[in-house]
Amino acid sequence: MKILVAISKVPDTTTKIKFTAENKEFDNSGVQFIVNPYDEWYALVRALEIKEAGGGTVTTITVGKEDNDPVIRKALAVGADDAVRVNAEPTDAYFVAAQIADYAKKNDYDMVLTGKETIDYNGSQVGGMVAEIMDLPYISNASKMDFEGNKATIIRDIQGGKEKLEVETPFVLSAAKGMAEQRIPNMRGIMAAKRKKLTVVEPESADALTEVVSYALPPEKGQVKMIDADNPEELINLLHNEAKII
Amino acid sequence: MAVLAFVDTLEGSITKSSYEAVHYAAKVAEKTGESAVAVTYGDASNDDLKALGKFGASKVLVHKEQKDMNPRALTTLMQEAVAAEGADVVVFAQDFTGKAVAPLLSARLKAGLVSGAVDYPDTDNGFVVKKSAFSGKAFAMYSIKTEKKIISILPNSVGKEAGEGEAEVVEFTPALGDTRIKVLEVEKESGDGEIPLTEADLVVSAGRGLKGPENWQMVLDLAKELGAATACSRPVADMEWRPHHEHVGQTGVAIRPNLYIAIGISGAIQHLAGVNGSKVIVVINTDEEAPFFKAADYGIVGDAFEVVPKLVEAAKAHKAAN
């Protein structure tokens, strides 16, 4: 199976978020960047498992400038065969999806996988947009995927439960928890990653449909009100009379 | 011209976040002098659909033959509705259905999408929507640059108000095509009479501090007395003390209830990412240094095994008195 996995560079989960230029830009000073966890732990690792079981290739694709290369090498260290970087600022989800769809169309993949969302903009948009642009079925928030030939049996999250479905390749899928387990790259993987092919391609023209104009931080949380452990009844009283939510 | 709201159902009932989407669409329509039209599929009763008028819909388009949440079929439904109503704004709820459908509609119509919106659009300078970003740690203001606009709102961010009114219900049955995804079976998460986590206003959640699955009865009791849903932290789901669908946090489900009570959960940043949109957070923990207290509105430092049974009694007394 020939699999394309979309990989995004995001600030590490524990990053203290700050902005600069009068709240118009994300302040990346001192920020450690990682592969978006859903892309890495679930989409990429499941792709590798499928390849290990039945043969094929796993290629990652990232839309971004050179500063994405360390994160792309990390995905190669986890086990992807090679990587593609579309050399452009990822201005919005549609622009990114258009680049990925364009590359995927030209190179005839059985599957395009993404994480269920990125932990920076939390959009959950790129996978669905890629599917739509490529005129392929889209399976979102999938937690399990098994194959028999080119037919996949997939479990995905829907409102209030889970749905089991069947679909034939090619398709686009966004991966969630349950799909696979995180793999920590070993030294051999890290060394091998340095020699793997990272192809840089120039972007196709596509318009961004949206634009970030500014950022804001949430208001500081007020002081927590402590309640005596011997008198938890007071909590019920406060939730009723003060917070007015019960 | 119209503002459309996508309405989803769960076992024949309209979901809470769909009412919010209709309310949001009606508010936008009020501002722009348009009317709000709800679009839905499946099994909601005609009475429930008419009642969407109370939340501001003047009309409801319903495709009853479409039963499955098939993203590309529902995208076609919305595309046809946009054309039929001459809509310029479409509102979704950012739940599993919204995440599956809104991006497709955005790409199909080349209409800019802001997903995870937490407020009404600012139309004074263009069309700018505030959305949650960085897993709840910040907000981003997004300008939508296209003529048609799609907004997917986070549950419980703008609320809903019921007024008077009745919507006209119209059967709307364009051909939706796309049968490439075949649904085999659907498994419900919640038992009969239980509140699904994503629909809950109040949530009681517990973590490793409870020491074992045999100790969950008091959590279930507290949830029952408050009329809350139950949730858990990641280790609890990973150890299979509780079902996976109860796991809230970065890798689990993100929720935004009015009240989140966390019992025996330390409050790792990954857990907070799934609950920091809650309106009021209560933390009960033996460790006064637990980081969760910094994100809490109310806190109790104490042993859950002593505190929670007392809370159950207090909640019971409160329920009896109110």
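The following questions and answers concern chain B and a sheet that it shares with chain A. This is a predicted model, in which local features need pLDDT of at least 70, side-chain atom pairs count only at pLDDT 80 or more, and totals for chains, interfaces and linings use all residues. Residues are numbered from 1 along each chain as its sequence is written, while chains are lettered from A and ligands numbered from 1 in the order in which they are written.

Me: How many helices and strands does the secondary structure of chain B come to?
Reply: Helices (H or I, at least four residues) and strands (E, at least two) are DSSP runs, numbered from the N terminus. By this definition, chain B comes to eight helices and 17 strands.

Me: Which strands are the edge strands of the open sheet of six strands?
Reply: The order is E15(A)-E17(B)-E16(B)-E15(B)-E13(B)-E14(B), with parallel pairing. Two strands pair if DSSP finds at least two bridges between them. Each edge strand pairs on one side only, and these are E15 (225-226) of chain A and E14 (229-232) of chain B.

Me: Which residue stands opposite Val204(B) in E15(B)?
Reply: Strand E13 (residues 202-206) of chain B pairs in the parallel sense with strand E15 (residues 259-263) of chain B, over five bridges. Opposite Val204(B) stands Ile261(B).

Me: What percentage of the 322 residues of chain B count as buried?
Reply: A residue is buried if 20 or more other C-beta atoms, placed from the backbone, lie within 10 Å of its own, exposed if 12 or fewer, and partly exposed in between. For chain B, the buried share is 60%.
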